[in-house]
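Work through the exercises below with the model open in a viewer. Each task is followed by a solution in steps.

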Amino acid sequence: MKYNIVTLQLLAAAAAISNSGGVCAFTTSTTTRHPAISSSTAQNGVRKGSVIASGGFGKTTAGSGMSKGKKGMKKKSRKAPSYELKSGTKIQDVLNPDIFADPNTIETIKTQIRNGEICVIRNAFIPEFASAMYEELDDTDAWSKNEDYFNDGYGFKHNNVYSKSDFSPLFLQANEMFETEETKEFMSELTGRDCSGESVGAPSYYEVGDHSLPHTDHVGQRSVAYIWHLSKTWKAEYGGGLYWAPEPLANAYLHASFNTLVLFSVTPFSSHFVTSVSPKSKGNKRLAYNGWWHSSWVPKPTDPIEEMLASPEQRLTLTHAQIQSINDMLDDPWAPRIQPPERHEAVVDLRRNIMEELYPEAKYSPVVLN
């Protein structure tokens, strides 16, 4: 096995941590209650709006990346939420303190995500919040079936709630929490990516036959992806596994579970997919709340682009929209020119490095008989 699962075991006042590359996973348990919860293809190989990168939220744009499907159920009256997030709650208030208060664990998470690996955090949120979100997901009847298939081979089929008018109060409160400036600053520091743009998220439900074919999420200004798994009594044989393609087969499956937060940096190399849900899963639901934090930076000719993107590591953090902006300022005759001409040529060279590093040529070519 390429990696060791990182396990955080809390004994009175000590934590033992072990880790190495690949997928990182953190596990703990707690009954801590927190006051934040109260009862009650374009030019140069870059495709604009690339479908195969979209991540199953439909025909995405550089904005929210959400699309609407067909409503499959009649809405029923909502019951009062069992818990409420107070206004102004940030993600730090509801993350499991037994994990996120440990400096060594934070450093491990930072290293894994900056290395382009997927990070899996078990029991990530405090129990009351996770249980309340599960109840809301399990109870809602506002699901829309989203299904589409495209000529580049990408396709998806799953249920979502995308319209804010169909969100329960707790879903709206969760969205607000993911969107706070304090949350975005925390995630920027944790991941090394710019998360200062908008945050979007929505409930998802995979039933029998649902799936999402290989994609990267590298669309628009998406910077960091999150999947908060909230499935109970789920077994690997039910399918619906998140498959992290950069890993060898033996390590690549991340099966649905309860209160598990998955984080990864969105790049052209963050390939993943969700396997088809098996008929064996009947009576069980693969539930999650997932979305992205976005970057707010749009490159301009006056920006010191050559300095900001001097290293391969810096270039790897470019969003799809930022790459396209650089292409446009170089290729669009109506776009403002980079001045002086020496700078323009330097950015042309930089663009060449971007394309070679982020969109390399295939390592194979088909054998064709003449």
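The exercises cover aromatic pairs, charges over rings and salt bridges in this predicted model.

**Exercise 1. Classify the ring pair of Phe-171 and Tyr-289, and say which parts of the chain the pair links.**

Solution.
- Start with the search: across the whole structure there are 19 aromatic pairs.
- Take the geometry next. The ring centres of Phe-171 and Tyr-289 are 6.0 Å apart, and the planes stand at 40 degrees.
- Compare with the cut-offs: stacked needs under 30 degrees, edge-to-face over 60, and the rest count as tilted. The Phe-171 and Tyr-289 pair is therefore tilted.
- Now place the residues. Phe-171 belongs to helix 5 (residues 169–179), and Tyr-289 to strand 17 (residues 286–294). They are 118 residues apart, so the pair links distant parts of the chain.
- Check accessibility. Phe-171 is buried at 0% relative accessibility. Tyr-289 is buried too, at 0%.

**Exercise 2. Classify the ring pair of Tyr-243 and Phe-273, and decide for each residue whether it is buried or partly exposed.**

Solution.
- The centres of the Tyr-243 and Phe-273 rings lie 4.8 Å apart, with planes at 20 degrees.
- An angle under 30 degrees counts as stacked, so the pair of Tyr-243 and Phe-273 is stacked.
- Tyr-243 is in strand 13 (residues 242–244), while Phe-273 is in strand 16 (residues 272–274). The two are 30 residues apart, and their pair links distant parts of the chain.
- Buried means under 20% relative accessible area. Tyr-243, at 13%, is buried. Phe-273, at 22%, is partly exposed.

**Exercise 3. Which residues do ring pairs link into a cluster, and which ring does the charged end of Arg-222 sit over?**

Solution.
- Follow the ring pairs. Phe-167, Phe-171, Phe-178, Tyr-226, Tyr-289 and Trp-293 form a cluster.
- Phe-171 and Tyr-289, the tilted pair, are among the members of this cluster.
- Turn to Arg-222. Its charged end sits over the ring of Trp-292, 3.5 Å from the centre.
- Arg-286 offers another case: it lies over the face of Tyr-206, 4.6 Å from the ring centre.

**Exercise 4. How far apart are the closest N and O atoms of Lys-110 and Glu-107, and what separates the two residues in helix 3?**

Solution.
- The search of the whole structure gives 13 salt bridges.
- Between Lys-110 and Glu-107, the closest N and O atoms are 3.6 Å apart. The cut-off is 4 Å, so this pair forms a salt bridge.
- Both residues lie in helix 3 (residues 103–114). They are 3 residues apart, which means a separation of about one helical turn.
- Lys-110 is buried at 13% relative accessible area, whereas Glu-107 is partly exposed at 44%.
- Extend the search outward: Glu-107, Lys-110 and Glu-189 are linked in a network of salt bridges.

**Exercise 5. Describe the salt bridges of Glu-179 with Lys-184 and of Arg-343 with Glu-306.**

Solution.
- Glu-179 and Lys-184 meet through their side chains at 3.4 Å, N to O. Glu-179 is partly exposed at 30%. Lys-184 is buried at 4%.
- For Arg-343 and Glu-306, the closest N and O atoms are 2.9 Å apart.
- Arg-343 sits in helix 11 (residues 341–358) and Glu-306 in helix 8 (residues 305–308), so the bridge ties together parts 37 residues apart in sequence.
- Arg-343 is buried at 18%. Glu-306 is partly exposed at 23%.

Notes. Residues numbered from 1 in each chain as written. Predicted model: local features only at pLDDT ≥ 70, side-chain atom pairs only at ≥ 80, totals over all residues. Heavy atoms only, no water. Phe/Tyr/Trp six-rings, centres within 6.5 Å; stacked < 30°, edge-to-face > 60°. Helix = DSSP H or I, 4+ residues; strand = E, 2+ residues; numbered from the N terminus. Buried < 20%, exposed > 50% of the residue type's maximum accessible area, 1.4 Å probe, protein only. Lys NZ or Arg CZ within 6 Å of the ring centre and 35° of its normal.
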